[in-house]
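Please look through the sequence and the model shown here. The paragraphs that follow go from the pocket to the cysteines and then to some single residues.

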Amino acid sequence: KQIPYGRIGLEGSILDLAEGAGLEIDHACGGVCACATCHVKVTQGGSSCSKSTEDEEDQLDSARDVDTDSRLSCQCVPDGTQDLRIV
């Protein structure tokens, strides 16, 4: 199989990669950055991820337990240079 999968969220996003690997991350809006249900915390390797956009930050404002490691898995695209730890 080829990565990124391009099935859900931004191509190569954490959500896209998880779905392609058979790992489920809740995503009520279908990965279009219209909710915060796919909120995750990138506790390792976050520096290899794309910068968050204003739209992502706006959606995170409605999520619970947000901190500096918080990202929407549909918008966070790692570049593959580091292993990630997601909770």
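Helices here are DSSP runs of H or I with at least four residues, numbered from the N terminus. The model is a predicted one.

We begin with the pocket. The volume of the largest pocket is about 170 Å³. Which helix gives the most to the lining of the largest pocket? Helix H1, which covers residues 14-20, does so with three residues. The lining as a whole includes Ile14, Leu17 and Ala18, together with Ala21, Leu23, Glu24 and Ile25. From further along the chain, Val40, Pro78, Leu84, Ile86 and Val87 also line the largest pocket. By kind, eleven of the lining residues are nonpolar, none is polar and one is charged.

Next come the cysteines. A disulfide is a covalent bond between the sulfur atoms of two cysteines. How many disulfides does the count come to? The count is zero disulfides. Cys33 is in no disulfide, because its nearest cysteine sulfur, that of Cys74, is 5.2 Å away, while a disulfide needs two cysteine sulfur atoms within 2.5 Å. Cys49 is in no disulfide either: the nearest cysteine sulfur belongs to Cys76 and is 3.3 Å away. Are these two residues buried or exposed? Cys33 has a relative accessible area of 15% and Cys49 has one of 12%. Buried means under 20%, so Cys33 is buried and Cys49 is buried.

Helix H2, residues 54-60, contains Glu56. With a relative accessibility of 1%, Glu56 counts as buried. What does the side chain of Glu56 reach? It reaches the backbone nitrogen of Leu72, at 2.8 Å. Leaving out residues up to four places away in sequence, Glu56 touches Leu72 along with Arg71, Gln75 and Cys33. This is the Cys33 described above as buried.

Leu72 is also touched by a residue of a strand, His39. His39 lies in strand E1, which runs over residues 39-44. The side chain of His39 makes a polar contact with the side chain of Ser70, at 2.8 Å. Apart from residues up to four places away in sequence, His39 touches Ser70, Arg71 and Leu72, and also Leu60, Ala63, Arg64, Asp65 and Val66.

A second histidine, His27, is found in the loop between H1 and E1. Its relative accessibility is 21%, and His27 therefore counts as partly exposed, since buried means under 20%. Which residues does His27 touch, not counting residues up to four places away in sequence? They are Ile8, Leu15, Glu19, Thr37 and Cys38. From C-alpha to C-alpha, His27 and Ser52 are 18 Å apart in space, and they are 25 residues apart in sequence.

The last residue in this account is Gly9, in the segment before H1. Gly9 counts as partly exposed, at 27% relative accessibility. Gly9 touches Gly30, Gly31 and Cys74, again without residues up to four places away in sequence. Cys74 is the residue whose sulfur is the nearest cysteine sulfur to that of Cys33. How far apart are the C-alpha atoms of Gly9 and Leu72? They are separated by 9.6 Å, with the two residues 63 places apart along the chain.

Conventions:
Residues numbered from 1 in each chain as written. Predicted model: local features only at pLDDT ≥ 70, side-chain atom pairs only at ≥ 80, totals over all residues. Heavy atoms only, no water. 1 Å grid on protein atoms, 1.4 Å probe; cavity = no way out; pocket = protein on both sides within 12 Å on 5 of 7 lines; lining within 4 Å. Points joined across faces, edges and corners; volume = space filled by probe spheres on them. Helix = DSSP H or I, 4+ residues; strand = E, 2+ residues; numbered from the N terminus. Nonpolar A, V, L, I, M, F, W, Y, C, P; charged D, E, K, R; others polar. Buried < 20%, exposed > 50% of the residue type's maximum accessible area, 1.4 Å probe, protein only. Polar contact = N/O pair within 3.5 Å; in protein donor to acceptor, adjacent residues only side chain to side chain. Contact = heavy atoms within 4.5 Å.
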